[in-house]
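Let's take a walk through a protein model and look at its charged side chains and one of its pockets. Have the structure open while you read.

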Amino acid sequence: KRRTAEPYKIKSVETLSMLSYDERHESLARAGYNTFLIDSDDVYIDLLTDSGTTAMSDAQWGALMTGDEAYAGSKSWKRLEQAVKDVYGYNYVLPTHQGRGAENILSQLKIKDGDYVPGNMYFTTTRAHQEMNGATFVDIIIDEAHDPSIDLPFKGNVDLKKLQALIDKVGAEKIPYVCLAVTVNLAGGQPVSMRNMKDVYELCQSYSIDVMFDATRCVENAYFIKDREEGYANQTVAAILKEMLSYSDGCTMSGKKDCLVNIGGFLAMNDEDLYIRSRELVVVYEGMPSYGGMSGRDMEAMAIGIREAVDDHYIEHRIAQVRHLGQQLLDAGIPIVKPIGGHAVFLDARAFLPHLSQEEFPAQSLAAALYLDSGVRSMERGIISAGRDIKTGEHNRPNLELVRLTIPRRVYTNNHMDVVVDSILALYEKRDWISGLKMVYEPPTLRFFNARFEPL
Ligand SMILES: CC1=C(O)/C(=C\N=C(/Cc2ccc(O)c(F)c2)C(=O)O)C(COP(=O)(O)O)=CN1
């Protein structure tokens, strides 16, 4: 099979910082062994997140000069609105500054105290907005999604029996909507099959329960359907995406991922009444419905990014680059979440560091060790990110104790991926020497952003 390359060439570069071991050690200590607190200047290859870290195209950079900054009626908004309607297919769309702006509005309008919002695994901001509005999040993802070693093509799928059981238990009137994430970030960037989306939608329609997608990485999900689901191999990703979204009543969208921009988002829906009520809250929280927390130039960039993201050459390369990293780790026997996800490779820190108890923070320790070894920054997605139980005050103890290696879009080459592989192989060789951490400062909420640690 002939090898392929990036479907773009580089026109501008950002020089990367290459610190010495001692300089990295000093930087890590200064950051309290928390990768969130390391200065970007001290990071060589930044795999903390794919959110907002995209490289924009020359078409997007050029469009910045044409941003219409009119307070109302901006033509940049008209272009963005048209792009969302063309590519996503919803009747109505409202701009927000980023994904959680849309989550805030949707949760306030759709949830009443004591409701239940079922979803395929939680996400931090999504669940926070649901709980702040009085709902209980109920995980309805298939059991296998919580086991890193199980390899299934659509690990993000909903277990329809769990959804039916919740409806039987609490009644459909207590369920304002199902939140279906496509893909599922914390399960390892795992997709939902078209079959499952259809089944969920039909079940919900029979009870007049809405289905709202968290569409943040929906283009990646569309690609996995093309690649793995019977009957879609010869369809374009754009056509698959349109069909996916037809099994929903609306979506929240963080533009910072699959819309190929550094800021921006939207809330989309088919119901006019929800649109009108949402438009009121956009004015309260985001600004006019013709800019929603974005400048005109940001909206121009996003209108173009939305269309670039469904280019088959772009998305094929994006997914292949994540696989390029993950497959080398699998071949070397490194424990990672299987199958390899759409936006990241997740190291299974529990299996990588079996000599550490969860109280010694294996994922936090591994992320710190990786940065110290090579200047590669990753994100802890384990007991620290899971926080404490709001009732008991005890640590939530997630099954998944993971280190997320998140690949920004159109930024790094496969050579950078190979540097990451070599660093992880070196760490694996000497994994017995990786010590745990103790938390020396714990913030009251969302502790993973600002907590500080010291080696045990
Ligand atoms: C599936 C989904 C997301 O992945 C997501 C964001 N994701 C981030 C940034 C992040 C968010 C929360 C954290 O505790 C975190 F440490 C990192 C990320 O890195 O993965 C949002 C929210 O979209 P906003 O970021 O545009 O508001 C909604 N839905």
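A residue counts as buried when its relative accessible area is under 20%, as exposed when that area is over 50%, and as partly exposed in between. Keep in mind that this is a predicted model.

**Salt bridges**

With those cut-offs in hand, try E300: its relative accessibility is 3%, so E300 is buried. Its partner is R79, and the two form a salt bridge whose closest N and O atoms sit 3.0 Å apart. This pair ties together distant parts of the chain, since R79 belongs to helix 3 (residues 75-88) and E300 to helix 11 (residues 296-309), with their positions 221 residues apart. R79 comes out at 38% relative accessibility, so R79 is partly exposed.

Which residue does D46 pair with? D46 makes a salt bridge with R377. Here, too, distant parts of the chain are linked: D46 is in strand 1 (residues 45-46) and R377 is in strand 10 (residues 376-377), 331 residues apart. D46 has a relative accessible area of 18%, so D46 counts as buried. R377 is buried as well, because its relative accessible area is 7%.

Now for a pair within one helix. R127 and E131 both belong to helix 5 (residues 124-132), where they are four residues apart, or about one turn of the helix. R127 has 23% relative accessibility, so R127 is partly exposed. E131 has a relative accessible area of 36%, so E131 is partly exposed too.

Here are the three pairs side by side:

| Salt bridge | Closest N and O atoms |
|---|---|
| D46 and R377 | 2.8 Å |
| R79 and E300 | 3.0 Å |
| R127 and E131 | 4.0 Å |

How many salt bridges does a search of the whole structure find? The count is 28. Some charged residues join up in a bigger arrangement: D50, R217, E220, D258, R318 and R409 are linked in a network of salt bridges.

**A pocket to look at**

Next, turn to the second largest pocket, which has a volume of about 1,400 Å³. Its lining is made up of 37 residues, and the closest to the pocket's centre are S12, E14, A55, R410 and V411. What classes of residue make up this lining? It's a mix: 15 are nonpolar, eleven are polar and eleven are charged.

Conventions
Residues numbered from 1 in each chain as written. Predicted model: local features only at pLDDT ≥ 70, side-chain atom pairs only at ≥ 80, totals over all residues. Heavy atoms only, no water. 1 Å grid on protein atoms, 1.4 Å probe; cavity = no way out; pocket = protein on both sides within 12 Å on 5 of 7 lines; lining within 4 Å. Points joined across faces, edges and corners; volume = space filled by probe spheres on them. Nonpolar A, V, L, I, M, F, W, Y, C, P; charged D, E, K, R; others polar. Salt bridge = Lys/Arg side-chain N within 4 Å of Asp/Glu carboxyl O. Helix = DSSP H or I, 4+ residues; strand = E, 2+ residues; numbered from the N terminus. Buried < 20%, exposed > 50% of the residue type's maximum accessible area, 1.4 Å probe, protein only.
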